[in-house]
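Ready for a few exercises with the structure open beside you? Try each task by yourself, then walk through the worked solution.

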Amino acid sequence: MISNFLSKSRPINYLLILLILVIFFLIGVFSDANIKFNFISVSKILINIAALFFMVLLINFVIRKNTLTKDNSYTLFIVVMFFAMLPSSMKWSMIFLSNIFLLISLRRVYSLKNNIRTAIKIFDAGFWLGISILFYSNLILFWIVLLMGLVFYQRLNLKNVVISILGMAIPIFLFYVYCLTFDQLLAFNNFFDFQLQSSIVFYGKHSILIPITIIVSLTIWSVISVSSTIYKIGIKNKSSWFLLLINLLIALFVTFSSEQKTGGELIFLFFPISVVLANYFQKEKDVIFKNLILYLISFVTVAVYFL
């Protein structure tokens, strides 16, 4: 049974789940009629899959390092299924790269629950967020997550707010210096040209609409189910849960307000939603129901490639 397999965290679980990721990635590569295999294209494919591996393992590391779930493989499996459901999210892009730096920033935000080197963590969170903003400016909204992290973990004061802003401002200032030095100020000005687009026409395609419907439905169900039992857990874990919900809301806004809709922008949702669903699966006692949902996710993932 798939739930029994995922309820444990073992090296064989990691290997099999990552193998699934490779298979779906290669299916996407070979289904592209325009690709021509040569040294350059193969090199790009290898770099892309290495970056994909890094991001998936980074998401898993952030979650395990900050104990956002118990010791199991649900999160890793869910993230891989999300990537497979939405093949465009696996492709190297500015959004893909920005998400890597955003995850590094979020790792420091969630680590604020431990009162160790707080000022350094806040600065690091702001600094990595600043770098992610350079690749995708709308991510500046994730400063709200950092700010709410200070609130939920009781670290909010003027000094820490200033440190977070300073950390975020340094990469942006260095980018300004670069643009000024090489007479590229137009690029810096364009950096502040925030693009918010509310159109969701693109998501009407069956290959996008069906995965989104499944993901959104399961997320709403999981949020309600887990939140109803939140009083049973410790105060720090409660804070992490509420911060995760803020993280999810900001990710939803950034995703659906993206100017360019390719499906790749949904990558910002993978981290918070995978944690939400993993918390539901580890809480749910009905093994049959859990297996049905996991098989449904797997079925939809495969079905997408036939739409």
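**Exercise 1. Salt bridges**

Keep in mind that this is a predicted model. Task: decide whether arginine 108 is buried or exposed, then find its salt-bridge partner.

Solution. Step 1: arginine 108 has a relative accessible area of 10%. The cut-off for buried is under 20%, so arginine 108 is buried. Step 2: its side chain meets that of aspartate 124 in a salt bridge, with 3.0 Å from N to O. Step 3: place both residues in the fold. Arginine 108 belongs to helix H5 (residues 94-110) and aspartate 124 to helix H6 (residues 118-135), so this pair ties together parts 16 residues apart in sequence.

Task: how many salt bridges does the structure hold, and which residue pairs with arginine 64?

Solution. Step 1: there are two salt bridges in the structure. Step 2: arginine 64 pairs with aspartate 71, and their closest N and O atoms are 2.7 Å apart. Step 3: check the surroundings of arginine 64, which is partly exposed at 39% relative accessibility. As a reminder of the principle, side chains of opposite charge can pair when their charged atoms come close.

**Exercise 2. Aromatic pairs**

Task: classify the ring pair of tyrosine 74 and phenylalanine 281, and say where the two residues lie.

Solution. Step 1: the structure holds 14 aromatic pairs, so there is plenty to choose from. Step 2: in this pair the ring centres are 5.4 Å apart and the planes meet at 25 degrees. Planes under 30 degrees apart count as stacked, so this pair is stacked. Step 3: tyrosine 74 sits in helix H4 (residues 74-85) and phenylalanine 281 in helix H12 (residues 267-283); with their positions 207 residues apart, the pair links distant parts of the chain. Step 4: tyrosine 74 is buried at 2% relative accessibility, and phenylalanine 281 is buried with a relative accessible area of 2%.

Task: now work through phenylalanine 123 and phenylalanine 127.

Solution. Step 1: their ring centres lie 6.2 Å apart and their planes are at 15 degrees, so the pair is stacked. Step 2: the two residues are four apart in helix H6, which means that about one helical turn separates them. Step 3: phenylalanine 123 is partly exposed at 25%, and phenylalanine 127 is partly exposed at 24%. Step 4: look around the pair. Phe123 and Phe127 form one aromatic cluster with Phe101, Trp128 and Phe135.

**Exercise 3. One helix and a loop**

Task: which residues of helix H7 are buried, and how are they arranged around the axis?

Solution. Step 1: in helix H7 (residues 143-152), the buried residues are Trp143, Val145, Leu146, Gly149 and Leu150. Step 2: they cover an arc of only 160 degrees around the axis, so they are on the same side of H7. Step 3: move past the helix end to glutamine 154, which follows H7 and has a positive phi near 55 degrees.

Task: where is asparagine 138 found?

Solution. Step 1: asparagine 138 is in the loop between H6 and H7. Step 2: with a relative accessible area of 5%, asparagine 138 is buried. Step 3: asparagine 138 and serine 257 are 119 residues apart in sequence, and their C-alpha atoms are 8.9 Å apart in space.

Note on methods
Residues numbered from 1 in each chain as written. Predicted model: local features only at pLDDT ≥ 70, side-chain atom pairs only at ≥ 80, totals over all residues. Heavy atoms only, no water. Salt bridge = Lys/Arg side-chain N within 4 Å of Asp/Glu carboxyl O. Buried < 20%, exposed > 50% of the residue type's maximum accessible area, 1.4 Å probe, protein only. Phe/Tyr/Trp six-rings, centres within 6.5 Å; stacked < 30°, edge-to-face > 60°. Arc of directions from axis to C-beta.
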